[in-house]
Amino acid sequence: MSLELRILKANHGDSIIVSVEFDNIQKHILIDGGPSQTFEFQNRSMPLKIFLNVIKEKNQKIDLLVLTHVDDDHIGGLLSGFNKLSYLSELTNEVWFNSGKLISQHFKQNIESSNFLTLKDNSGSNTSIGQGVKFEDHLTSLNIWSHELIKAGDEFQKFGCIFKVLSPSIEKLDELLIKWEKEKPDSLTSSSKTDYKQTFSQLLSYDVFKEDVSIHNGSSIAFILEHEQKSIMFLGDAHPSIIIKSLIDLGYSKRNKLKLDFLKVSHHGSKANTSEELLSLLDCNNFIISTDGSRHSLPNKITLARIIKYFPSANLMFNYPNLINRIFSMEELENAEFSVLECGDMITL
């Protein structure tokens with residue numbers, strides 16, 4: 001029984017589909033939906049809608065939908081899919097989503113959705129809490145939401161897969177609940193200039209890691225999915241310090257590394273979400289970068305440099321291959337021990 005992995009073209013966001021056969025039925029896990037145009041743009045079907053059309057024709061379902069966090073580049077396409085008649089509202093069986101109300105109930109506080117402030121992402125566009133409230137309304141009316149808080153340390157078994165949740169921590173959920181305030185642009189993750197003109201050696205020579213401080217990203221659901229000796233880590237936009245703690249709690253270390261077949265790199269390759277400390281705990285050769293490069297100058301080349309420092313023969317996999325020649329010079333590509341690849345429509349494990 002193979003596992004199929006699709007990294008949809010979701011513009012600057014994430015939308016990922018994992019498909020497995022279980023009890024002779026094809027099961028589909030949808031992780032995020034990218035921005036709204038991942039589903040539909042100017043009345044044209046886009047990658048997420050196209051995939052949903054395929055499974056509709058086969059009478060299949062989205063058996064688990066995971067919304068990692070409420071930033072627009074992860075939730076927008078899902079809202080579009082729920083708003084469109086006969087799509088996600090009819091196709092979705094179960095949802096993982098840490099809403100404000102759910103977190104509030106966990107901490108036994110009483111915060112109503114109407115009191116939530118609308119946050120802004122680093123691009124200045126409205127995002128998230130308001131969208132999260134709408135998403136919560138969809139789930140409540142459809143009765144497809146288990147209302148279970150998904151947090152670090154949890155483990156679930158579904159469809160012959162094991163899900164080991166690495167993020168968010170209770171502390172990060174607490175921050176999300178308490179600090180509903182407007183975020184200011186952060187130079188660590190929204191630079192107007194790329195670092196693509198510099199070589200790996202130049203970038204590493206003055207590299208000092210500074211972690212992402214976004215409250216939204218810190219609340220991101222991240223997990224390891226294991227299926228028949230295969231293992232994939234999906235990091236959403238999670239903070240590396242939380243992932244590191246979870247991995248250590250699971251018994252991994254520099255001497256006992258976590259073996260992965262694929263890693264979906266956190267936050268579209270931002271330099272603030274992949275640290276050398278995290279990489280030192282892993283044994284992996286395939287690193288997926290999900291972005292078209294249109295926002296925040298992502299991926300940062302220094303992130304790729306860190307990966308190659310630890311994994312010199314790694315495969316760097318892009319769902320938008322046009323980024324490759326923007327990031328790397330011809331000389332770098334010709335002399336590289338590492339490989340730079342396109343994800344393609346589907347990866348079979």
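Is lysine 245 buried or exposed? Lysine 245 is exposed, with a relative accessible area of 52%, where exposed means over 50%, buried under 20% and partly exposed in between (1.4 Å probe, protein chains only). A word on what these views show: this is a predicted model, in which local features need pLDDT of at least 70, side-chain atom pairs count only at pLDDT 80 or more, and totals for chains, interfaces and linings use all residues. Residues are numbered from 1 along each chain as its sequence is written, and side-chain values use heavy atoms, with hydrogens and water left out.

**View 1. A salt bridge within helix H9 links lysine 245 and aspartate 249.**
The two side chains come to 3.0 Å, N to O; a salt bridge here is a side-chain nitrogen of Lys or Arg within 4 Å of a carboxyl oxygen of Asp or Glu. Both residues sit in H9 (residues 240–249), 4 residues apart, or about one turn of the helix. Helices (H or I, at least four residues) and strands (E, at least two) are DSSP runs, numbered from the N terminus. Aspartate 249 is exposed too, at 55% relative accessible area. Elsewhere, Glu40, Lys49 and Lys84 are joined into one network by salt bridges that share partners. The structure holds 14 salt bridges.

**View 2. Aspartate 207 reaches arginine 306 in a salt bridge.**
Here the closest N and O atoms are 2.8 Å apart. Aspartate 207 lies in the loop between helix H7 (200–205) and helix H8 (215–218), while arginine 306 belongs to helix H11 (residues 301–310), so the pair ties together parts that are 99 residues apart in sequence. Aspartate 207 is partly exposed, with a relative accessible area of 23%, whereas arginine 306 counts as buried at 2%.

**View 3. Glutamate 4 and arginine 6 form a buried pair.**
Their side chains meet in a salt bridge at 3.5 Å, N to O. Glutamate 4 has a relative accessible area of 18%, and arginine 6 has 17%.

**View 4. Six strands make an open, mixed sheet.**
The order is E7-E6-E3-E2-E1-E20, and two strands are taken to pair if DSSP finds at least two bridges between them. Strand E7 (95–96) and strand E20 (347–348) stand at the edges with a single partner strand each, so one side of each is left without a neighbour in the sheet. Strand E3 (residues 25–31) and strand E6 (residues 64–66) run parallel, paired over 3 bridges. In that pairing, look for isoleucine 29 opposite leucine 64 in E6. Helix H1 (residues 47–57) lies across strand E1 (3–7), strand E2 (16–22) and E3, at about 160° to E3. Angles run from 0 to 180 degrees between N-to-C directions, with axes as lines fitted to C-alpha atoms, for helices over the stretch in contact.

**View 5. Eight strands make another open sheet with mixed pairing.**
Follow the order E10-E11-E12-E13-E15-E17-E18-E19. At the edges are strand E10 (155–158) and strand E19 (339–342), and each pairs on one side only. From one strand to the next, the twist averages 20°. H9 lies across strand E11 (161–167), strand E12 (222–227) and strand E13 (230–234), at about 125° to E11.

**View 6. Strand E17 is covered on both faces.**
Asn286 and Ile288 on one side, and Phe287 and Ile289 on the other, are all buried. The chain crosses from E17 through H11 to E18, and this β-α-β crossover is right-handed: with the strands pointing away from the viewer, the path from the first strand over the helix to the second runs clockwise. Strand E17 (residues 286–289) is joined to strand E18 (residues 315–318) by 4 bridges, and the two run parallel. Isoleucine 289 stands opposite phenylalanine 318 in E18.

**View 7. The largest nonpolar core has 39 residues.**
A nonpolar core is a set of buried Ala, Val, Leu, Ile, Met, Phe, Trp, Tyr and Cys residues joined through side-chain atoms within 4.5 Å. Among the residues with the most contacts inside this one are Met233, Ile243, Phe287 and Phe318. H11 gives the most to this core, with 5 residues. A second, separate core of 32 residues includes Leu8, Leu48, Leu173 and Leu176. Back in H9, isoleucine 243 touches residues including Leu166, Met233 and Leu278, not counting residues up to four places away in sequence; contact means heavy atoms within 4.5 Å.
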